[in-house]
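Welcome! Below is a set of short exercises, each followed by a worked solution. Try each task yourself before reading on.

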Amino acid sequence: MYPEILAFGEPMYEFSKLKQVTGDGDFKSGFGGDVSNFAISAARQGAKVGMLCHLGDDMFAKEFISLWQSEGVSTENVVINPAAFTAVYFITYDSQGHHFDFMRKGSAASLITPAQLPEAAIAGAKLLHVSGITHAISASSSDAVFAAIEIAKNNQTLVSFDTNLRLKLWSKARARATIDATVGMSDICFPSVDEATLLTGISEPQAIIDYYLKLGAKLVVLKLGAEGAIAATESERIQVAGNQVELVDATGAGDTFAGAFCHNYLAGKEIKYCLQYANMAAALSVMGYGAVSPIPRAAQVIERMA
């Protein structure tokens, strides 16, 4: 009756700058938001996924719903708030890389409260995926994340957590306290080495893994960007190297990684395979513009792995 994976967070409509024309920006529209990217990644690998989110009563919301339905992502737990709006972000590029600007304060997603959570859907899922960004967008949204995790824990639903640090949204001290607390409740956590270093002051990958395992995470999957990834439990550690591809746009690569990993993990694959597969999926996702369009499907990933 319910999706195997339920992804809880804020979708964001995307405008990505491609080039400069007579002083005016030329933008390509698309879809973003870390948990939406995660959901689509998992769905394209074959998972049964659903979104848990609130959207505004606007055209962006209608396009998101159409997108998810076309991708086979359930929208039964998507709520339209007629008094709010769907968040938007802009990506621009320069010699320093890509930069993000957001229009999200007061968005429909940020107004969600614990009382509005679909308890039956969370209890019926095999895995609940949450994000540091969902914590950061508002106090009520953060409360809802913790409440959703409590529901999951009470019903043997696994919890996956991508730390996704965005210091534009909150202070480092609050981010660290909240992220650390959530890691301790997680079955799988997905920190990235650069954000973990910024947050904890630890730069050595194995030491970062030690830090998050000691907090209570059962499985830590540390994303190393172009250098690959490491998966670790208390009893084993597995590292895979990066894949050489032509980098076009890294937006959403970490979300693609997490979605691909969780699908294979739920399917009962060995951790090493989950890591290799997710690593390849993330590499293929950086070869095109935008967060969603380049996310590969299972056949593409398997072919490249072979």
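**Exercise 1.** In which helix does Glu-195 lie? Then decide whether Glu-195 is buried or exposed, and list what Glu-195 is in contact with beyond its neighbours in sequence.

*Solution.* A word before we start: this is a predicted model.

Step 1. Look along the chain for residues 193-200; this run is helix 7, and Glu-195 lies in it.

Step 2. Check the relative accessibility of Glu-195, which is 17%. Buried means under 20%, so Glu-195 counts as buried.

Step 3. Set aside the neighbours within four places in sequence. The contacts of Glu-195 are then Thr-163, Asn-164, Leu-165 and Arg-166.

**Exercise 2.** Find where Leu-167 is placed, and work out which residues it is in contact with, apart from those within four places in sequence.

*Solution.* Step 1. Leu-167 sits in the loop between strand 9 (158-162) and helix 6.

Step 2. Its relative accessible area is 33%, and Leu-167 is therefore partly exposed.

Step 3. With the neighbours within four places left out, Leu-167 is in contact with Lys-172, Ala-175 and Leu-198.

Step 4. For a sense of distance, pick Asn-37, which is 130 residues from Leu-167 along the chain; their C-alpha atoms are separated by 20 Å.

**Exercise 3.** How many salt bridges does a search of the whole structure find? Follow the one between Lys-126 and Glu-4 and say which parts of the chain it ties together.

*Solution.* Step 1. Begin with the general idea: side chains of opposite charge can pair when their charged atoms come close.

Step 2. Searching the whole structure gives 10 salt bridges.

Step 3. In one of them, the side chains of Lys-126 and Glu-4 meet, at 3.4 Å from N to O. Lys-126 belongs to the loop between helix 3 (119-124) and strand 8 (127-131), while Glu-4 belongs to the segment before strand 1 (5-8), so this pair ties together parts that are 122 residues apart in sequence.

Step 4. Now add accessibility. Lys-126 has 44% and counts as partly exposed; Glu-4, at 29%, also counts as partly exposed.

**Exercise 4.** Take two further pairs, Glu-10 with Arg-104 and Asp-187 with Lys-218. For each, give the N to O distance and the places in the chain that are linked.

*Solution.* Step 1. Glu-10 and Arg-104 form a salt bridge whose closest N and O atoms are 2.7 Å apart. This pair links distant parts of the chain, 94 residues apart: Glu-10 is in the loop between strand 1 and strand 2 (12-21), and Arg-104 is in the loop between strand 7 (97-103) and helix 3. Both Glu-10 and Arg-104 are buried.

Step 2. For Asp-187 and Lys-218, the closest N and O atoms are 3.7 Å apart. Asp-187 lies in the loop between helix 6 (172-183) and strand 10 (188-190), and Lys-218 in the loop between helix 8 (205-215) and strand 11 (219-223), so the salt bridge ties together parts 31 residues apart in sequence. Asp-187 is buried, with a relative accessible area of 11%.

Step 3. Salt bridges can also be followed from residue to residue here: Arg-44, Glu-71 and Arg-297 are linked in a network.

**Exercise 5.** Which residues form a nonpolar patch on the surface together with Leu-18?

*Solution.* Step 1. Locate Leu-18 in strand 2. At 37% relative accessibility, Leu-18 counts as partly exposed.

Step 2. Its partners in the patch are Val-248 and Tyr-289, and the three have about 230 Å² of accessible area together.

**Exercise 6.** Where is Ala-121 placed, and is it buried or exposed?

*Solution.* Step 1. Ala-121 is in helix 3.

Step 2. Its relative accessibility is 3%, so Ala-121 counts as buried.

Step 3. Apart from neighbours within four places in sequence, Ala-121 is in contact with Tyr-2, Leu-6 and Asn-77.

**Exercise 7.** Step back to the whole chain. Why does its radius of gyration agree with that of a compact globule?

*Solution.* Step 1. Count the elements: the chain has 11 helices and 13 strands.

Step 2. A compact globule of 306 residues would have a radius of gyration near 19 Å; the chain has 18 Å, so the two agree.

Step 3. Finally, 55% of the 306 residues are buried.

How values were computed: Residues are numbered from 1 along each chain as its sequence is written. This is a predicted model: local features need pLDDT of at least 70, side-chain atom pairs count only at pLDDT 80 or more; totals for chains, interfaces and linings use all residues. Side-chain values use heavy atoms; hydrogens and water are left out. Helices (H or I, at least four residues) and strands (E, at least two) are DSSP runs, numbered from the N terminus. Buried means under 20% relative accessible area, exposed over 50%, partly exposed in between (1.4 Å probe, protein chains only). Contact means heavy atoms within 4.5 Å. A salt bridge is a side-chain nitrogen of Lys or Arg within 4 Å of a carboxyl oxygen of Asp or Glu. Patches are made of residues with over 30% relative accessible area and no salt bridge: like charges are joined within 9 Å, nonpolar side chains (Val, Leu, Ile, Met, Phe, Trp, Tyr) within 5 Å. Accessible areas come from the Shrake-Rupley method with a 1.4 Å probe; for residues, only the protein chains shown count as cover. The radius of gyration is taken over C-alpha atoms; the globule rule is 2.2 Å times the number of residues to the power 0.38.
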